[in-house]
Amino acid sequence: MRITDVQTFHLTAKLDKPFAWSLRWTDTRSAVLVKITTDEGIVGWGEAGSSGAPAIATVITSQYRPLLLGRDPFDVEIIWEELYALTRDAGQKGTAIDAISGVDIALWDIIGKAVGKPIHKLLGGCARSRVTVYATGLYYYDQDPRAVAARVEEACHYREQGYRAMKMKIGGLSIADDLFHVRAIRDAIGPDVPLMVDANHGYNAYTAIRIGRRLEELDVLWLEEPVVPEDLDGYLRVKSALDLAIAGGECEYTRFGFLPLVERRAVDIVQPDLGRVGGLSEAKKIASLANAAQIACIPHVWGTGIIVAAALQLIATLPNCPPVRNPQSIWHEPVLEFDRTPNPLRGRVAPEPELDAEGAIAVPPGPGLGIEVDEDAVRHFGREVIW
Ligand SMILES: [Mg+2]
């Protein structure tokens, strides 16, 4: 089998209402998708980067496409190394690796379709056919720092819909106001629903420790990205000062980037983003690296149904950490981050998976990613990027 074409699409969709996290407001969702075609008529789809920056598409079409044409998709990890070696001198992180990620996911989709198996069967097998999810939402929608009613209502809505855990944003307000919001949501959802918080590296170490001590009193399960990803010593300082779990890694790239995080035990949970770290090939390696240090791997997921499907395929293969007789979600079993914020692209590019009565989602059993990408929707929201 040979690759005959590599196309990229940049998709955008305006939101009715903007929302914010610790860093900024947004009124747009966007994505970069990759479509790879073969001489056997098999087509694979991937999603590149979670920023949706059009430069990612340009890297694929200008630099990677000429190297991919004529290649055998089954050489996926050899191709990964070649593309990485090509761009290593440009910095080992960022746009070039976002771009590799989308290509890698599309190649695995092709391989799965060629052999008639879902990707997880090719990456080691099925540890679980259903994955418990947690709702990611509870962003800031209001400029008023004391306006908490809408967030409380959103949290109650998730609980009523059957989500077994949820994550909210912090770092966008003063410590006092953020704690007021966390307390209001904790009171509303009760003590039995695991609640996580995500600062999107909005603190320095001493501020993260200060709020972290109060978050422990509110039984927050994990504090995500307390400090900037470059500040490894800051992570270590926060982690040694607090008893709640520290999660991080969604802004990190490749196994080389995750190695110091794992070796120095800077986090309790690594969160590789499959569209960013280098795709399925690299996320699997990062999960193994983390497992060797008994650090849990719970991927970061932010994008269309393509990246959701890719994450499900990976999570299906991950061993419980540690393996026990009666594994508990999050504590032992990896879970899926299920983005519930407004995104007109998400359910249109590929159908939204459905939550079952146990708060879980089925791993797509079909070949490859196990989803049908709606190319009409792709073209409706996007344009093909020809550099
Ligand atoms: Mg995050």
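**View 1. The two domains of the predicted model.** In this predicted model, the domain assignment splits the protein chain into domain 1, made of 3-116 + 372-384, and domain 2, covering 121-362. If you like to keep a distance in mind while turning the structure, the C-alpha centres of domain 1 and domain 2 are 24 Å apart. Where the domains touch, 39 residues come from domain 1 and 37 residues from domain 2.

**View 2. The side of domain 1 that touches domain 2.** Which elements should you look for here, each with at least two residues on this side of domain 1? They are strand 1, strand 2, strand 3, helix 2 (76-87), helix 3 and helix 14 (375-381). Helix 3 is the one to look at closely, as its 10 residues give the most to this side. By residue class, the side of domain 1 that touches domain 2 has 22 nonpolar, eight polar and nine charged residues.

**View 3. An open sheet of four strands.** Follow the strands across and you will read the order 3-2-1-13, with antiparallel pairing. Why do strand 3 (43-47) and strand 13 (382-384) each have one side without a neighbour in the sheet? Both stand at the edges and have a single partner strand each, so one side of each stays free of a neighbour in the sheet. On average, and ignoring direction, neighbouring strands of this sheet are turned by 20° against each other.

**View 4. Strand 1 beside strand 13, and the helix on the sheet.** As a reminder, strands of a sheet pair through backbone hydrogen bonds, either parallel or antiparallel. Here, strand 1 (residues 3-20) and strand 13 run antiparallel and are joined by three bridges. To find your place, start at Leu-11, whose bridge partner in strand 13 is Gly-382. Helix 3 (residues 95-115) packs on the sheet, where it touches strand 2 (25-38) and strand 3. The direction of helix 3 makes about 145° with that of strand 3.

**View 5. Val-148 and its surroundings.** Val-148 sits in the loop that links strand 4 (130-136) to helix 5 (149-161). Is Val-148 buried, partly exposed or exposed? Val-148 is partly exposed, because 19 other C-beta atoms lie within 10 Å, while a buried residue would need 20 or more. Leaving aside residues up to four places away in sequence, Val-148 touches Phe-180, His-181 and Ala-184. Look for Val-182 too: Val-148 and Val-182 are 34 residues apart in sequence, and their C-alpha atoms are 9.3 Å apart in space.

Notes:
Residues numbered from 1 in each chain as written. Predicted model: local features only at pLDDT ≥ 70, side-chain atom pairs only at ≥ 80, totals over all residues. Buried ≥ 20, exposed ≤ 12 C-beta atoms within 10 Å, placed from the backbone. Contact = placed C-beta atoms within 7 Å. Pairing = 2+ DSSP bridges. Axes fitted to C-alpha atoms, helices over the stretch in contact; angles between N-to-C directions. Domains from an automatic or database assignment. Nonpolar A, V, L, I, M, F, W, Y, C, P; charged D, E, K, R; others polar.
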